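Work through the following exercises with the model open. Each task is followed by a solution in steps.

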Amino acid sequence: MISKPAAEAEKDQFSRIGIACFLAWLVPGAGHLYLRKYWHAAVYFFSVTALVVVGVLLQGEMHSLLRANSGEGFLQWLAALGNVALGGYHLLMQALGLALGDVTVRNYEYGTTFIIVAALINLLVVLDAFDHARGVK
Amino acid sequence: MSHWGILVLLAALVSLAFSFLMRETPKERLIFGIKMFLGFVAFTLIAGWIAIFIP
């Protein structure tokens with residue numbers, strides 16, 4: 001049987017992991033900021049944000065499950081599923097109508113790649129925050 | 001932005017993120033980041049040259 005303080009400590013640890021992962025998903029690096037890993041937070045925020053900004057500037061497309069065009073094909077659906085990992089940026093771009101993509105622009109494919117790569121890196125950042133919160137790293 | 005500039009930018013940003021994800025000490029991160037960046041650029045150049053011979 002787990003003693004009361006041990007059960008509370010386990011509950012605290014569980015909520016700490018949950019908060020860190022949610023913040024990391026919402027804003028890149030925020031989970032690490034919560035865990036007081038300041039350098040990690042700065043690097044992840046800078047790299048993911050820069051990838052997203054460059055992707056938008058290159059007129060790439062953010063495939064999204066919230067947009068009607070996400071069901072065009074299996075690959076588009078996979079890209080939309082991956083982009084869920086962008087968290088707050090995903091919702092922000094959806095709300096502002098950014099990253100709609102223009103296939104006639106020369107850099108469209110590059111921009112789309114930047115946005116998808118940013119999403120997948122943010123997914124790894126969430127997993128990294130999970131490991132740090134558990135004390136594995 | 002040129003194709004070359006986009007390649008270098010993508011390689012630099014991804015290498016930076018992965019160096020912190022995959023390594024623990026500053027020295028290890030620096031070495032890993034440089035290796036990954038050069039690997040990205042070199043592989044793309046080699047693949048680009050090979051693509052010339054593909055009809």
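**Exercise 1. Helix H3 of chain A**

Task: state which residues of H3(A) are buried and what they pack against.

Solution. Step 1: apply the burial criterion, by which a residue is buried if 20 or more other C-beta atoms, placed from the backbone, lie within 10 Å of its own, exposed if 12 or fewer, and partly exposed in between. Helices are DSSP runs of H or I with at least four residues, strands are runs of E with at least two, and both are numbered from the N terminus. This is a predicted model, in which local features need pLDDT of at least 70 and side-chain atom pairs count only at pLDDT 80 or more, while totals for chains, interfaces and linings use all residues. Residues are numbered from 1 along each chain as its sequence is written, and chains are lettered from A and ligands numbered from 1 in the order in which they are written.

Step 2: list the buried positions of H3(A), which are His40(A), Ala41(A), Val43(A), Tyr44(A), Ser47(A), Val48(A), Leu51(A), Val52(A), Val54(A), Gly55(A) and Val56(A).

Step 3: find their partners, with contact taken as C-beta atoms, placed from the backbone, within 7 Å. The buried residues of H3(A) pack against H2, H5 and H6 of chain A, and also against H1 of chain B.

Step 4: check the length. H3(A) has 20 residues and spans 28 Å from first to last C-alpha, close to the expected 28 Å; the expected span is 1.5 Å times one less than the number of residues.

**Exercise 2. The contact between the chains**

Task: describe the side of chain A that touches chain B.

Solution. Step 1: count the residues. Chain A gives 13 residues to the contact and chain B gives nine residues.

Step 2: assign the chain A side to elements. H3 and H6 of chain A each give two or more residues, and the largest share, seven residues, is that of H3(A).

Step 3: sort by class, with Ala, Val, Leu, Ile, Met, Phe, Trp, Tyr, Cys and Pro as nonpolar, Asp, Glu, Lys and Arg as charged, and the others, Gly among them, as polar. The chain A side has ten nonpolar, two polar and one charged residues.

Step 4: take one residue from the other chain. Leaving aside neighbours within four places in sequence, Ala17(B) is in contact with Val43(A), Tyr44(A), Ser47(A) and Ile121(A).

**Exercise 3. The largest nonpolar core**

Task: identify the elements that build the largest nonpolar core.

Solution. Step 1: define the core as a set of buried Ala, Val, Leu, Ile, Met, Phe, Trp, Tyr and Cys residues joined through C-beta atoms within 7 Å.

Step 2: find the members with the most partners. Among the 41 residues of this core, Ala24(A), Leu51(A), Phe114(A), Ile115(A), Val117(A), Ala118(A) and Ala17(B) touch the most other members.

Step 3: map the core to elements. Two or more residues come from each of H1 (4-26), H3 (38-57), H4 (74-83), H5 (88-96) and H6 (108-134) of chain A, and from H1 (3-22) of chain B. H6(A) supplies the largest share, twelve residues.

**Exercise 4. The helix pair of chain B**

Task: describe how H1(B) and H2(B) cross, and say whether H2(B) is largely in the open or buried.

Solution. Step 1: fit axes to C-alpha atoms over the stretch in contact, with angles from 0 to 180 degrees between N-to-C directions. The two axes come within 8 Å and cross at roughly 145°.

Step 2: classify the contact. By class, it has 13 nonpolar, four polar and one charged residues.

Step 3: examine H2(B). This helix, residues 26-52, has 27 residues and reaches 39 Å, close to the 39 Å expected. Two of its 27 residues are buried, so H2(B) lies largely in the open.

**Exercise 5. Positive phi values**

Task: locate Arg36(A) and Gln59(A) and give their exposure.

Solution. Step 1: recall that most residues other than glycine have a negative phi.

Step 2: take Arg36(A), whose phi is positive, about 65°. Arg36(A) lies in the loop between H2 (30-34) and H3 of chain A, and is exposed, with 9 other C-beta atoms within 10 Å.

Step 3: take Gln59(A), with a positive phi of about 60°. Gln59(A) sits in the loop between H3 and H4 of chain A, just after H3(A). Gln59(A) is partly exposed, with 19 C-beta neighbours inside 10 Å.

Notes
Contact = placed C-beta atoms within 7 Å.
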